[in-house]
Amino acid sequence: MGVLKFTLQVCTFAGCWQPNSWTSLFKHLIYKTYAMFLLSALFIFSISQFMNIIINVENSDEFTDSLYMMLTVSVAGYKQFYVWIKRKNVMMIINILNKKPFAVRESHELMIRQKFDRIAQNNTLRYLSLITVTVIIVVVTSVFTVFTNRNLTYKAWVPFNYSYPALYVLVYTHQLIGMGTSGFVNVACDSIICGLLLHICCQLEILEYRLTKVVHGEDILRDCICHHNRIFEYAYMVNNMFTKIIGIQFSASMLVICSNLYRIAMAKDSVIFISLVMYTGCILAQIFIYCWFGNEVRVKSLQFMNNIYYDIEWSVLSNSNKKGLLIIMKRAMIPIEFSSAYIITMNLDSFVAVSIKQLRSILLLNIIINKNQS
């Protein structure tokens, strides 16, 4: 059965994942052209923002106006490029879930996997809906505010005069394509990572079910010990594969949130205020889902030891089986944890700590602004 099928379809739409069925040269060229178009839109947009900061920015307001979108688009471009060049490695990690000892063996294990697949799909749908609504709000806001005045949605350095109607529409449309693409690329890449975290939880639950059958033979326990070790190895492999993406995303998100909080505090137009709040909410959601599913893996791996103790009939086990289970429980005392660039642990405590720091920043910022105005 397909693992993360819906998530990979979103990745295909975002230009990150060529469908496995597209093996012909013609289809390969079509998708390659499509992906390069989206990637070039992202990098040209981010370069124009960067050049605007270098050449045109003269104060803090102009700096924050350019910084938040430049960081968002740059990180999205990096994610798309990284997943594209690492496609074989990502595919290998996904395919491992369909091989022993991770492959499902019976109907109950299939039900467990289907349950986690539904959770992953629903998470992707919710995240995609939030980003889509935000993109629509930004586009509608842009049309009714800056387009009618012949301005650009985002201040940028353009190496030609775009005052002519055709050139203005071209540059304006390019910015909206870059902004929309960055949102969908973030959904695609983040959903892959969170989906793999969910499937680690799935494997722990499947292993719990298999351990309830240790009374039927020594070979079952030996396979379960091997399965438990492979889960730890798989978790390390996933963390090692995506640690750069997660680290860059966390760093960029912190800067974007600080920038947006400043812009929200200074916003006077209610329409711009709403779009900024929605955009900041998307960035917070982006950090939250990493921390939430990282925390789910940690909690699931810690609960694993207790579930072994309470769900297995120890009285009917042989001494060798009891010793084997004690080895698994000893290993399970150290939880599976995911980190951002091996520095920040991905759990709810980290998210709360980051949120508190952001709230302190905006309170301090409001105090400074009020003092300056008085």
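Leu 71, Thr 72, Val 75, Asn 186, Gln 249, Ala 252, Ser 253, Val 256, Ile 283 and Gln 286 line the second largest cavity of this predicted model. Here a cavity is a set of points, on a 1 Å grid over the protein atoms alone, where a 1.4 Å probe fits but cannot get out, and lining residues have an atom within 4 Å of a point. Residues are numbered from 1 along each chain as its sequence is written, and side-chain values use heavy atoms, with hydrogens and water left out. As the model is predicted, local features need pLDDT of at least 70 and side-chain atom pairs count only at pLDDT 80 or more, while totals for chains, interfaces and linings use all residues.

**Cavities**

- By the cavity rule, there are two cavities of 30 Å³ or more; a volume is the space filled by probe spheres set on the grid points, which are joined across faces, edges and corners.
- The second largest cavity, the one you met above, has a volume of about 60 Å³.
- H3, H7 and H8 each give at least two residues to the lining of the second largest cavity, and H7 has the largest share with four residues. These names come from DSSP runs numbered from the N terminus: helices are H or I runs of at least four residues, and strands are E runs of at least two.
- Five nonpolar, five polar and no charged residues make up the lining of the second largest cavity. In this scheme Ala, Val, Leu, Ile, Met, Phe, Trp, Tyr, Cys and Pro count as nonpolar, Asp, Glu, Lys and Arg as charged, and the others, Gly among them, as polar.
- The largest cavity has a volume of about 160 Å³. It is lined by 14 residues, of which Thr 72, Ile 131, Gly 183, Tyr 279 and Cys 282 are the closest to its centre.
- Helix H5 (107-147), H6 and H8 each supply at least two residues of the lining of the largest cavity, and H5 gives the most, with five residues.
- The lining of the largest cavity has eight nonpolar, six polar and no charged residues.

**Pockets**

- A pocket, unlike a cavity, is an open set of points, with protein on both sides within 12 Å along at least five of seven lines. The largest pocket holds about 690 Å³ of space.
- Of the 25 residues that line the largest pocket, Asp 65, Tyr 68, Thr 153, Arg 263 and Ile 272 lie nearest its centre.
- H3, H5, H7 and H8 each supply at least two residues of the lining of the largest pocket, with the largest share, six residues, coming from H3.
- Charged residues do appear in the lining of the largest pocket: there are seven of them, beside 12 nonpolar and six polar residues.
- The second largest pocket has about 340 Å³ of space. Ile 44, Phe 160, Leu 170, Val 171 and His 174 are the closest to its centre among the 18 residues that line it.
- Helix H2 (25-55) and H6 each give two or more residues to the lining of the second largest pocket, and H2 has the largest share with seven residues.
- The second largest pocket is lined by 13 nonpolar, five polar and no charged residues.

**Aromatic rings**

- The structure holds 14 aromatic pairs. Rings of Phe, Tyr and Trp (its six-membered ring) pair if their centres lie within 6.5 Å; planes under 30 degrees apart count as stacked, over 60 as edge-to-face and the rest as tilted.
- The Tyr 68 and Tyr 279 rings are edge-to-face because their planes are at 90°, with the centres 5.2 Å apart. Tyr 68 lies in helix H3 (residues 60-85) and Tyr 279 in helix H8 (residues 270-311), so this pair ties together parts 211 residues apart in sequence.
- Both Tyr 68 and Tyr 279 are buried, meaning under 20% relative accessible area (exposed is over 50% and partly exposed in between, with a 1.4 Å probe and protein chains only).
- Phe 250 and Tyr 290 form a tilted pair, because their planes are at 40°, with ring centres 6.2 Å apart.
- Trp 22, Tyr 31, Tyr 34 and Trp 84 are linked into a cluster by ring pairs.

**Arginines**

- The charged end of Arg 87 sits over the ring of Trp 17, 4.5 Å from its centre. The rule asks for NZ of Lys or CZ of Arg within 6 Å of the ring centre and within 35 degrees of the ring normal.
- Arg 210 lies in helix H6 (residues 165-211) and counts as buried, at 5% relative accessibility.
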